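Student: I am new to this structure. Please take me through it step by step.

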Amino acid sequence: MDPLTQNTSLQRLQNVEKRIVRVLELAGGVMEELANPAGPRKEFVNNHCSEFMQFIKDIQVTLRDEIKSACEYRPFEKCDYSSRITNELCCKKLEYMISKLDGMKQTIDEYQVKMEDS
């Protein structure tokens, strides 16, 4: 994730935090209105509830997008570590095979020398 994307993502999450605070304020306002001794004002409660639901929807969408974005983030996708290690292992295997083949050649040469001497 490049710094600009991280910054933008952080800003979006900070905005979600502000929306959550606003949602709590709305819920508190409705609770106070419902506790009003004169009775709740229907329009006030409806407006606050509508705003509450819109904020909740916005929060869900933003969080879903941020989670999806975080899941798509692959920091090692362009890293060549795996291929370098695989190359090193192949080289070590080849070195081992060469040493075994050299050993076999030496055994064959020794056998041929003994056969010529006999």
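Student: Which residue forms a salt bridge with R12?

Tutor: This is a predicted model, where local features need pLDDT of at least 70, side-chain atom pairs count only at pLDDT 80 or more, and totals for chains, interfaces and linings use all residues. Residues are numbered from 1 along each chain as its sequence is written, and side-chain values use heavy atoms, with hydrogens and water left out. A salt bridge is a side-chain nitrogen of Lys or Arg within 4 Å of a carboxyl oxygen of Asp or Glu. For R12, the closest N and O atoms of the pair are 2.4 Å apart, and the partner is E66.

Student: How many residues apart are R12 and E66?

Tutor: R12 sits in helix α1 and E66 in helix α2. Helices here are DSSP runs (H or I, at least four residues), numbered from the N terminus. The pair links distant parts of the chain, and the separation is 54 residues.

Student: Is E66 buried or exposed?

Tutor: Buried means under 20% relative accessible area, exposed over 50%, and partly exposed in between (1.4 Å probe, protein chains only). Its partner R12 is at 33%, so R12 counts as partly exposed. E66 has a relative accessible area of 9%, so E66 is buried.

Student: What does T62 touch, not counting residues up to four places away in sequence?

Tutor: T62 is found in helix α2. Its relative accessibility is 15%, so T62 counts as buried. Contact means heavy atoms within 4.5 Å. Leaving out residues up to four places away in sequence, T62 touches R12, V16 and R19.

Student: Which residues in α2 are buried?

Tutor: T62 and E66 have already come up, and both are among them. The full list for α2 is V45, H48, I59, T62 and E66.

Student: How far does α2 reach from its first C-alpha to its last?

Tutor: α2 covers residues 42-72. The expected span of a helix is 1.5 Å times one less than its number of residues. With 31 residues, α2 is expected to span 45 Å. Its reach is close to that, at 45 Å.

Student: Which residue meets R41 in a salt bridge?

Tutor: The N to O distance is 3.0 Å. The partner's relative accessible area is 5%, so it is buried. The partner is E33.

Student: Which residues is E33 in contact with, leaving aside its neighbours within four places in sequence?

Tutor: E33 has its place in helix α1, residues 3-34. R41, its salt-bridge partner, is one of its contacts. The full set is G39, P40, R41, F44 and V45.

Student: Which residues are joined into one network by salt bridges that share partners?

Tutor: The side chains of E25 and R22 meet in a salt bridge at 3.5 Å, N to O. Both lie in helix α1, 3 residues apart, about one turn of the helix. E25 is at 46% and therefore partly exposed, and R22 is at 29%, so R22 is partly exposed too. Shared partners join R22, E25 and E51.

Student: How many salt bridges does the structure hold?

Tutor: R12 with E66 is one of them. R41 with E33 is also among them. The structure holds 5.

Student: Which residues form a nonpolar patch on the surface?

Tutor: Patches are made of residues with over 30% relative accessible area and no salt bridge, with like charges joined within 9 Å and nonpolar side chains (Val, Leu, Ile, Met, Phe, Trp, Tyr) within 5 Å. Accessible areas come from the Shrake-Rupley method with a 1.4 Å probe, and for residues only the protein chains shown count as cover. I67, a patch member, is at 53% and so exposed. Together the patch has about 240 Å² of accessible area, and its residues are L13, L63 and I67.

Student: How many disulfides does a search of the whole structure find?

Tutor: A disulfide is a pair of cysteine sulfur atoms within 2.5 Å. For C90, the nearest cysteine sulfur is that of C91, 7.1 Å away. The search finds 0.

Student: What percentage of the residues of the protein count as buried?

Tutor: The protein has 3 helices and 0 strands, and its elements run α-α-α from the N terminus on. Its accessible surface comes to about 10,100 Å², of which 59% belongs to carbon and sulfur atoms. Of its 118 residues, the buried share is 10%.

Notes:
Helix = DSSP H or I, 4+ residues; strand = E, 2+ residues; numbered from the N terminus.
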